[in-house]
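Here is a friendly briefing to read alongside your viewer. Have a look at the chain first, then follow the notes below.

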Amino acid sequence: MYTISEVGQKLGISTHALRYYEKEEIITLERNAQGIRQYTDSHLKWMEFVKKLRETQMPIEQIKKYTQLFKEGDHTSMDRLNLLENHRRSIEAQIETLKVTEAMLDKKITAYKQHLSTLNPSNS
């Protein structure tokens, strides 16, 4: 069992964010007799997944939808698959945008380096 601060530290997520995910029913926790949240290894794995979804710009509403479908059981497997495939397409579009932007930046950087080398040839 882990405390909220331990989970936050392990995952690099603020305790505020963890409380938010609980409030939004993205994670469901048990509490001990003192009312302290108790996280398990299963919770850690789930939150690692949620963190990756957020890092790849999946909206909270989509994560909530996926969570709800997961809680409903196996009969929602196709809906969950569709949601994840749609998100993957979104990630692929992001990657393509980043590649194009990187190429543009490389050209700009090269142009600046060439320009600067003509101003001060000793830096070449």
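## His 87 and its surroundings

His 87 is buried, because its relative accessible area is 8% and buried means under 20%. Please keep in mind that this is a predicted model. The notes start from His 87, which is found in helix α5, and then move on to the loop between α3 and α4, where Thr 56 and Gln 57 are found. After that come the helices α1 and α2, and last Glu 22, placed in helix α2.

**Helix α5**

- Helix α5 covers residues 77-119, which makes 43 residues.
- From its first C-alpha to its last, α5 reaches 62 Å, close to the 63 Å expected at 1.5 Å a residue.
- Which residues of α5 are buried along with His 87? Arg 80 and Leu 83 are buried in this helix too.
- An α-helix has 3.6 residues a turn, so residues three or four places apart point the same way.
- The buried residues of α5 pack against two helices, α3 and α4.
- What does His 87 touch, once neighbours within four places in sequence are left aside? The contacts of His 87 are Leu 53, Thr 56, Gln 57 and Met 58.

**The loop between α3 and α4**

- Thr 56 sits in the loop that runs between α3 (41-55) and α4 (60-72).
- Is Gln 57 buried or exposed? Gln 57 is exposed, because its relative accessible area is 57% and the cut-off for exposed is over 50%.
- Thr 56, by contrast, is partly exposed, with a relative accessible area of 22%.
- Seen from Thr 56, the contacts beyond four places in sequence are His 87, Ile 91 and Gln 94.
- The side chain of Thr 56 also reaches the backbone oxygen of Leu 53, at 3.0 Å.
- For a sense of distance, the C-alpha atoms of Thr 56 and Asn 82 are separated by 17 Å, and these residues are 26 apart along the chain.

**Backbone angles worth a look**

- Most residues other than glycine have a negative phi, and most peptide bonds are trans.
- Gln 57 has a positive phi of about 70°, although it is not a glycine.
- Glu 25 has a positive phi as well, near 65°, and is likewise a residue other than glycine.
- Where is Glu 25? Glu 25 lies in the loop between α2 and β1 (30-31).

**Helices α1 and α2**

- The axes of α1 (residues 4-11) and α2 (residues 15-23) come within 9 Å and cross at roughly 110°.
- That crossing makes α1 roughly perpendicular to α2, because angles of 65 to 115 degrees count as roughly perpendicular.
- On the α1 side, Ile 4, Ser 5, Val 7 and Gly 8 take part, and they meet Thr 15, Leu 18 and Arg 19 of α2.
- The residues of this contact divide into 3 nonpolar, 3 polar and 1 charged.

**Glu 22**

- Glu 22 has its place in helix α2.
- Why does Glu 22 count as buried? Its relative accessibility is 18%, and buried means under 20%.
- With which side chain does the side chain of Glu 22 make a polar contact? The partner is the side chain of Arg 31, at 3.5 Å.
- Not counting residues up to four places away in sequence, Glu 22 touches Ile 27, Leu 29, Arg 31 and Arg 37.

Key. Residues are numbered from 1 along each chain as its sequence is written. This is a predicted model: local features need pLDDT of at least 70, side-chain atom pairs count only at pLDDT 80 or more; totals for chains, interfaces and linings use all residues. Side-chain values use heavy atoms; hydrogens and water are left out. Helices (H or I, at least four residues) and strands (E, at least two) are DSSP runs, numbered from the N terminus. Buried means under 20% relative accessible area, exposed over 50%, partly exposed in between (1.4 Å probe, protein chains only). Contact means heavy atoms within 4.5 Å. A polar contact is a pair of N or O atoms within 3.5 Å; within protein, one must be able to donate a hydrogen and the other to accept it, and residues adjacent in sequence count only if both atoms are side-chain atoms. The expected span of a helix is 1.5 Å times one less than its number of residues. Axes are lines fitted to C-alpha atoms, for helices over the stretch in contact, and angles run from 0 to 180 degrees between N-to-C directions. Angles under 35 degrees count as roughly parallel, over 145 as roughly antiparallel, 65 to 115 as roughly perpendicular and the rest as oblique. Ala, Val, Leu, Ile, Met, Phe, Trp, Tyr, Cys and Pro count as nonpolar, Asp, Glu, Lys and Arg as charged, and the others, Gly among them, as polar.
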